[in-house]
Structure formats: C-alpha cells, structure tokens
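Got your viewer open? Let's take a walk through this one together, one selection at a time.

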Amino acid sequence: MASLTALPHDQVTIAPLVLLSVLDHYKRTETPEGKRVVGVILGDATTSTVKVTNSFALPFEEDDKNADVWFLDQNYIENMNEMCKKINAKEKLIGWYHSGPKLRASDLKINELFKKYTGPNRTPLLLIVDVQQTGVGLPTDAYISVDQVKDDGTSTERTFLHLPCSVEAEEAEEIGVEHLLRDVRDQAAGGLSIRLTNQLKSLKGLQKKLGDITVYLNKVINKELPVNHIILGKLQDVFNLLPNLGQPNEDEMDLKRPDLVSSSNTLQKALTVKTNDELMIVYISNLVRAIIAFDDLIENKIQSKKLQEKLQKDAEKTTTDETEEDKSTKENSETTNSSTSEKKKST
C-alpha cells in the first residue's frame, strides 16, 4: 500500500468574497458548457489553517481533446500579483482556482507551475468552485499536492489530497452577504420555515455523504479500489459515536452483564418516550390548527350568508322604492294632464 507524506495544512477557510468573485468571473466570460475558468487565490498559508481571502481572474485556454495543451498568461499573473501587494501586502499568492466541477488531467501540471509564485517551501492550494451546483452542501473542494510513496520501491508520484474546507466571514463581510441575500430570500417566510428548510438541506447533505461512503465501501469490497486503513479508521470512529438503539447481541447476553443490557434498554426507552412526546405535541398542534381553521370556515360561511341576505333585502327595497316612485310620477303626470284639459275647456 502506498503512503503519503505529512500534510502542511489541516483545513481551509474561504471568504464569501472569493465565491462571489469566481461566480462573477464565470458569468462575465460567458463560459460555454464543458469549459472552465481559472484564477489566482490570495490569503494566508503560514498556519495549519489556510485562509483564502481574495482572488483575481486569469486568461486561460485549453484544448478539449488534448489535456497537455493549455495556455496560462504568466506575465499577467506577475503584474497582478505586484499590484495586489501594493493594495494589501498581507495577502500572499497561495494557489489557484478553477470552476471544475471536478479535477482535470492537467491540474497537476498547472499546480506545479504555481510553485514558482508560492515559493519552493510552500505547496500551492487548488480550490475548485462548482459554479453550477445542483446538490446540497458547500460548492467548494480544496486540494493540495503531496508525494505518494509506493511500497514496491518505484519512484514517487504527485497526487492531490483533499482538505476539509469551510466558508467563514468577518463582520463586515457578513453584513454585505446578508444585504445581498435580502433580495434572494423569501421575506414572507417565517423563522420556523427557514429552520425547517435548513434542516432539510442538512439531511440531504448527510444522505449524499452516506451514499458516497456506501459507494466507496462497495468498490473496496469488489477490489476496484485498494484498502485505505486511514479512511476505514475514520469511518469506524464515526460508527463508534452512534448510540446502540437495538437489542443486545447474543454475545452481550452470554456475558451476563446486566448493566450493559440495562443501559442499552434505558437509552432506547428514553429516546422512544422523547420521540413520542414530541410527536404528540405535533399531533395536538395540528388538531388544534384544523379545528380553528374549520371554525373560521363556518364563521366565514355565516358571514357570507348574512351579507347575501342583506344585499338581497337592499335590492328588494330599491326595487320597491323605484316602483312607488314610478307610480307617483305617473299620478302627477295624469293630474297635470287633467288640469290642462280643464283649462282648455274653460277657455
């Protein structure tokens, strides 16, 4: 089994400004489907946590058929890097990004090119930003190149190793992001709706991660991938954190350890009771809401019926008034005619 050299960094934190810049770069260049955009990331890589705080775009072209044919403007990198140093000297060139969404065959060669800008003692960071994300979770993946030492004595090879990444912002950036999201979010949605939506997205992300674990383990079982004891150890740590909600195994029963059996049954009973209590509250709430809605419906029907009766009475009253008015008008006209005829006779 091959072994990897020690990693100089543990995790990566990305500022929201970088994600917005990459997305703006992709949209402005009107990149066709299947193509990608490439740029430089700036930040601080002096500690175990790499902080990506800024970025700028690069002119980049590559051949779709031949992965070894690509063009990167190095003079542009040097000029932009010098100008960025004048603006903020604390932000150093720490790597590069592309819009992925996955690793490409030429990424290792491009990564080796960026070593001349990050320095001989620092490894460039590759940040992949999925600008057309369809699933849940963060749209970013961070990689760092390491030497893979083989047990058979052959020469070492460079390969990418994934680093955990997160999006973190300072107070000023959080205010700006909230301002941008103000028009995106539904203002009519309440706090409960937002929390449920976030929880649903988290569960979908968990389901996706569990699916990836299942696919990996199936490939290991089918000998499509070699066994990696580090990954299996991490998975075992995750499984050890899960509570034992099932019945005790036969070997546990044979050990005659009533404390172990009692603790398992107690935890299962406690979770069951807690779940039932919460479901009862949900059931009662839905029942009360249905009764209130039904009462409102009946009240609306009564009010509607009263309004219709009132309108009908008003219509009948208006008709009666018009009839009486017509009669009085007719009587007045007849009286006038009779008086006129009498005057004529007297004349």
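## First stop: a buried pair

Select Asp107 and Arg36: their side chains form a salt bridge, with the closest N and O atoms 2.8 Å apart. Asp107 sits in helix α3 and Arg36 in the loop between α1 and β3, so this pair ties together parts that are 71 residues apart in sequence. Before going on, a word about what you are looking at: this is a predicted model.

Are Asp107 and Arg36 buried or exposed? Both are buried. For Asp107 the relative accessible area is 0%, and anything under 20% counts as buried.

Now add Glu62 and Arg104 to your selection. Together with Arg36 and Asp107, they are linked in a network of salt bridges. Keep Asp107 in view and bring up His98 as well: the side chains of Asp107 and His98 are joined by a polar contact of 3.3 Å.

## More salt bridges

How many salt bridges does the structure hold? The count is 11, so there are others to visit. 

Go to helix α1 and pick Arg28 and Asp24, which are both in that helix and 4 residues apart, about one turn of the helix. Their side chains form a salt bridge, and the closest N and O atoms are 2.7 Å apart. Arg28 counts as exposed, at 66% relative accessibility, while Asp24 counts as partly exposed, at 36%.

Next, select Lys115 and Glu112. Here the side chains meet in a salt bridge of 3.5 Å, N to O. Lys115 has 27% relative accessibility and counts as partly exposed; Glu112, at 33%, counts as partly exposed too.

## A buried charge without a salt bridge

Now move to the loop between α2 (74–87) and β7, where you will find Glu91. This residue is buried yet has no salt bridge. Which side chain of opposite charge is nearest to Glu91? That is Lys90, 10 Å away. Show Asn54 too, and you can draw a polar contact of 3.4 Å between the side chains of Glu91 and Asn54.

## Backbone oddities

Time to look at the backbone. Most residues other than glycine have a negative phi, and most peptide bonds are trans. The next three selections go against that background.

Start with Gly100 and Pro101. The peptide bond that joins them is cis, with omega at about 10°. To place Pro101, look in the loop between β7 (92–98) and α3 (107–113).

Then jump to Glu30, in the loop between α1 (16–28) and β3 (38–44). Glu30 is not a glycine, but its phi is positive, at about 50°. Is Glu30 buried or exposed? With 68% relative accessibility, Glu30 counts as exposed.

Lys223 is the next one to click, in the loop between α6 (191–221) and α7 (229–240). Its phi is near 60°, again a positive value in a residue other than glycine. Lys223 has 77% relative accessibility and counts as exposed.

## Looking for disulfides

How many disulfides does the structure hold? The number is 0. You can still select a couple of cysteines. Cys84 counts as buried, at 15% relative accessibility, and Cys165 counts as buried as well, at 18%.

## Last stop: a nonpolar patch

For the final view, turn on the surface and select Met280, Tyr283, Ile284, Leu287, Val288, Ile291 and Ile292. These residues form a nonpolar patch on the surface, and together they have about 680 Å² of accessible area.

Want a single residue to zoom in on? Try Ile284, one of the patch members. You will find Ile284 in helix α9, which runs over residues 258–346. Ile284 is partly exposed, with a relative accessible area of 44%.

If you'd like to loop back, return to Asp107 in helix α3 and bring back the network that links Asp107 with Arg36, Glu62 and Arg104.

How values were computed
Residues are numbered from 1 along each chain as its sequence is written. This is a predicted model: local features need pLDDT of at least 70, side-chain atom pairs count only at pLDDT 80 or more; totals for chains, interfaces and linings use all residues. Side-chain values use heavy atoms; hydrogens and water are left out. Patches are made of residues with over 30% relative accessible area and no salt bridge: like charges are joined within 9 Å, nonpolar side chains (Val, Leu, Ile, Met, Phe, Trp, Tyr) within 5 Å. Accessible areas come from the Shrake-Rupley method with a 1.4 Å probe; for residues, only the protein chains shown count as cover. A salt bridge is a side-chain nitrogen of Lys or Arg within 4 Å of a carboxyl oxygen of Asp or Glu. Helices (H or I, at least four residues) and strands (E, at least two) are DSSP runs, numbered from the N terminus. Buried means under 20% relative accessible area, exposed over 50%, partly exposed in between (1.4 Å probe, protein chains only). A disulfide is a pair of cysteine sulfur atoms within 2.5 Å. Lys and Arg count as positive and Asp and Glu as negative; His and the chain ends are not counted. A polar contact is a pair of N or O atoms within 3.5 Å; within protein, one must be able to donate a hydrogen and the other to accept it, and residues adjacent in sequence count only if both atoms are side-chain atoms.
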